[in-house]
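Me: I am new to this structure and would like to know the reasons behind a few labels. Please show it first.

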Amino acid sequence: MTDRPEWLAQGSAHVWRPYCQMKTAPPPLAVARTQGARIVLEDGRELVDGIASWWTACHGYNHPHIRQAVQAQLERAPHVMFGGLAHEPAYRLAARLAALLPGDLDHVFFAESGSVSVEIAMKMALQYWINLGIGGRTRFVAFSGGYHGDTLATMTVCDPEEGMHALFAGVLPAQIIAALPVDDAAEAALDALLAAHAHEIAAILVEPRIQGAGGMIFHDDDVLRRLRHLADKHEVLLIFDEIFVGFGRTGDLFACEGSGVTPDIVTLSKALTGGTLPLSAAVACGRVFEAFWSDDAGAALMHGPTYMANPLACAAANASLDLFETGAWKAEVARIELGLREGLAPCRQAPGVVDVRVRGAVGVVEFDKAVDVGALCAAFVALGAWIRPMGKVVYLAPPFVVSDAELGLLTGAIATALGAKP
Ligand code: PMP
């Protein structure tokens, strides 16, 4: 055990870290291993993970059922290309996802990251109109506060001001960024906007229920009903990006299933494999799929990431779905919701806090201005918690297996670091 293992010292000159000013950022924490809701550092310290490794590790780390499934698949075939070849984990997973998703969201296109699945959903929407012989549908409507990824096309549908990509304004094609229809007035405004622009719009793209990386902003299911109504009225497609909210995070398995609003395409990733391996999917409804079903080879979807439907990742996802099928997650999310409400309530009194809100297994403390991420992270680590604030929010989205004591440690660390504890 050492504070600074040799591999960290040697590699630090060569690894370019994510979202990081390399010159001024403190060194990363060296991880030795993970277990349950915990990250064990090389120096022996243990941190309770409050954010489930960027919202992926929903069943906790090293879950034996997922580990076994991946190990068994590793013996059989770690990877084969998906062009012209098929394997059981992917075909079984596609059928299971189609059965779990509402309506006729039945056609699963696999990729390896969330951003790429959003790119594919956007490409499906653009080509849907081309294949129907309707020209000019080249733009998207997305929403203030939204976040859909870091690749170039997904950057165009992120919030242009608040998002991480403001730097590239003017470089990328401009999409139409609107306000979410949270009330009648906002719905009327969006209605008017769509009336003026529908002829150039391929799809509306939204993170249902919670806009995550843009600031953990909640909206209710009426917003989704309004979007479905307006998409139908103006004949544009509707895409739900469930990369964050999918797989139980808001208390329903999927926001689309819980809200009763079925989009035309849904994107999934993050918790899809229970946080073990990279995998994503863009799942299309029958109407979208049928626009590509043709004797004309030119109407096909020309896409195929090298590692798409990786068998290890699909085996992990199937094992993760087995765990969801037990139904235990529902009670866990309800328990976490209660724990977050109680544990974060004292933060309302902390200086600078403008809102404390909880939905499902997501708890948020929002400030009047951007927080000092480095200082807060260090304070949380000193209290045994791994929590990374974003912009104006400190939030928790823990693994569903987090114990009450661990959850208490996480909420207590936030209250203590904000000076909200008596
Ligand atoms: N969409 C949403 C809603 C996300 O939260 C994220 C990642 N935070 C992405 C897309 C991009 O996923 P990835 O980082 O896997 O590319």
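Me: Which residues lie nearest the centre of the second largest pocket?
Reply: The model is predicted. His107, Val108, Phe109, Phe289 and Leu301 lie nearest the centre of this pocket, among 18 lining residues. The space in the pocket is about 460 Å³.

Me: What supplies the lining of the second largest pocket?
Reply: Helix H4 (88-100), strand E4 (105-111) and helix H10 (286-290) each give at least two residues. E4 has the largest share, with five residues.

Me: How many lining residues of the second largest pocket fall in each class?
Reply: The lining has 15 nonpolar residues, two polar and one charged.

Me: How many disulfides does a search of the whole structure find?
Reply: The search finds zero.

Me: Why is Cys158 not bonded to the closest cysteine sulfur?
Reply: A disulfide needs two cysteine sulfur atoms within 2.5 Å. The closest cysteine sulfur to that of Cys158 is in Cys20, 20 Å away, and therefore too far for a bond.

Me: What about Cys285, and how far away is its nearest cysteine sulfur?
Reply: The nearest one belongs to Cys256 and is 12 Å away. Set against the cut-off of 2.5 Å, Cys285 is in no disulfide.

Me: Why is Cys158 called buried?
Reply: Buried means under 20% relative accessible area. Cys158 has 2%, so Cys158 is buried.

Me: What makes Cys285 count as buried?
Reply: The relative accessibility of Cys285 is 4%. The cut-off is under 20%, so Cys285 counts as buried.

Methods. Residues numbered from 1 in each chain as written. Predicted model: local features only at pLDDT ≥ 70, side-chain atom pairs only at ≥ 80, totals over all residues. Heavy atoms only, no water. 1 Å grid on protein atoms, 1.4 Å probe; cavity = no way out; pocket = protein on both sides within 12 Å on 5 of 7 lines; lining within 4 Å. Points joined across faces, edges and corners; volume = space filled by probe spheres on them. Helix = DSSP H or I, 4+ residues; strand = E, 2+ residues; numbered from the N terminus. Nonpolar A, V, L, I, M, F, W, Y, C, P; charged D, E, K, R; others polar. Buried < 20%, exposed > 50% of the residue type's maximum accessible area, 1.4 Å probe, protein only.
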